[in-house]
Every structure is written in structure tokens, then in C-alpha cells.
Amino acid sequence: ACHSDWITDLYKVQELRKHANDPQFQAEWQAAKRAAKLRAVSMIERLCGVKVSPDAMFDVQVKRIHEYKRQLLNVLGIVHRYNTIKAMTPEQR
């Protein structure tokens, strides 16, 4: 079986239960979680300029944004850029 079968069949995730008490599996699982968290911390700092601790608890929610909300966010982005430019001195522009 392919190791990525669980992506399209989430019932296969239940197969992890048989490894729940395996110390080596637990260590590999924790290492994978830590590596993913370090990537997230790096992305947050790169995209948002905010430093967060990789030891903090993260709660991430992902939801598809409807078209009208994307349009509104685009307009708000334009307004923000406009206000930023207006607040600049002529030398900064």
C-alpha cells in the first residue's frame, strides 16, 4: 500500500493506533510535529514580521474564503496601500 493512501481515505489514519505505545514511533511523530511547527514559525515571521515561539500552542483554522470576501479583502488591501502612500512624505514616495 502507498504511504499517502490516507490522504484520500482518512479511515487509514486509524491504523496509527497500533503504534501509539511504540516509543520509536512516538519520537518520530514528535520530531515531525516539531519540524512542521518550526516551518510554521518561520513562515509567520517571514510573511507577518511577527516572532512567535515554537513552544507556544498553535490553533490554526483553514477555511475557503468566498469570492465576495476575497473581493472585499482586495479592496481593503487597496485602501490600506492608498492610506500608506498618502501618509508618506513626497521623498518617501
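## A tour from Glu67 to the nonpolar patch

Begin by selecting Glu67, a residue with a relative accessible area of 43% and therefore partly exposed. The model on display is a predicted one, and every value quoted along this tour is computed from it.

**Helix H2.** With Glu67 still selected, add Arg70. The two side chains form a salt bridge, with an N to O distance of 2.7 Å. Both residues belong to helix H2, which covers residues 67–87, and they are 3 residues apart, about one turn of the helix. Arg70 has a relative accessibility of 35%, so this residue also counts as partly exposed.

Continue along H2 to Asn83, which is found in this helix. The relative accessible area of Asn83 is 45%; the residue is therefore partly exposed, since that class lies between the limits of 20% and 50%. Now draw a distance from Asn83 to Tyr11, C-alpha to C-alpha: the two are 50 Å apart in space and 72 residues apart in sequence.

**The remaining salt bridges to visit.** How many salt bridges does a search of the whole structure find? The search finds 4, among them the pair of Glu67 and Arg70 just visited. Select Glu45 and Lys51 next, whose side chains meet in a salt bridge at 3.9 Å, N to O. Is Lys51 buried or exposed? Lys51 counts as exposed, because its relative accessibility is 68% and the class begins over 50%. Glu45, by contrast, has a relative accessible area of 35% and is partly exposed.

Then select Asp5 together with Lys12. These residues form a salt bridge in which the closest N and O atoms are 3.6 Å apart. Both ends can be coloured by accessibility: Lys12 counts as partly exposed at 30%, and Asp5 counts as partly exposed at 25%.

**Helix H1, from end to end.** Select residues 23–48, which make up helix H1. This helix has 26 residues and reaches 37 Å from its first C-alpha to its last, close to the 38 Å expected at 1.5 Å a residue. At the N-terminal end, show the side chain of Asp22, which caps H1. One of the side-chain oxygens of Asp22 lies 3.0 Å from the backbone nitrogen of Gln24. At the other end, move to Gly49, just after H1, where phi is positive at about 70°.

**The aromatic pair.** Which residues should be selected to see the ring pair within H1? They are Phe25 and Trp29, which are separated by about one helical turn because they are 4 residues apart in helix H1. The structure holds 1 aromatic pair. The ring centres of Phe25 and Trp29 are 5.8 Å apart and their planes stand at 35°, so the pair is tilted. The angle falls between the limits of 30 degrees for stacked and 60 for edge-to-face.

**The nonpolar patch.** Keep Trp29 selected. With a relative accessible area of 42%, Trp29 is partly exposed. Add Trp6, Ile7, Leu10, Val13 and Leu16 to the selection and switch on the surface: together with Trp29 they make a nonpolar surface patch of about 590 Å². Trp29 thus closes the tour as a residue of helix H1, a partner of Phe25 in the tilted pair and a member of the nonpolar patch.

Terms used: Residues are numbered from 1 along each chain as its sequence is written. This is a predicted model: local features need pLDDT of at least 70, side-chain atom pairs count only at pLDDT 80 or more; totals for chains, interfaces and linings use all residues. Side-chain values use heavy atoms; hydrogens and water are left out. Patches are made of residues with over 30% relative accessible area and no salt bridge: like charges are joined within 9 Å, nonpolar side chains (Val, Leu, Ile, Met, Phe, Trp, Tyr) within 5 Å. Accessible areas come from the Shrake-Rupley method with a 1.4 Å probe; for residues, only the protein chains shown count as cover. Helices (H or I, at least four residues) and strands (E, at least two) are DSSP runs, numbered from the N terminus. Buried means under 20% relative accessible area, exposed over 50%, partly exposed in between (1.4 Å probe, protein chains only). The expected span of a helix is 1.5 Å times one less than its number of residues. A polar contact is a pair of N or O atoms within 3.5 Å; within protein, one must be able to donate a hydrogen and the other to accept it, and residues adjacent in sequence count only if both atoms are side-chain atoms. Rings of Phe, Tyr and Trp (its six-membered ring) pair if their centres lie within 6.5 Å; planes under 30 degrees apart count as stacked, over 60 as edge-to-face and the rest as tilted.
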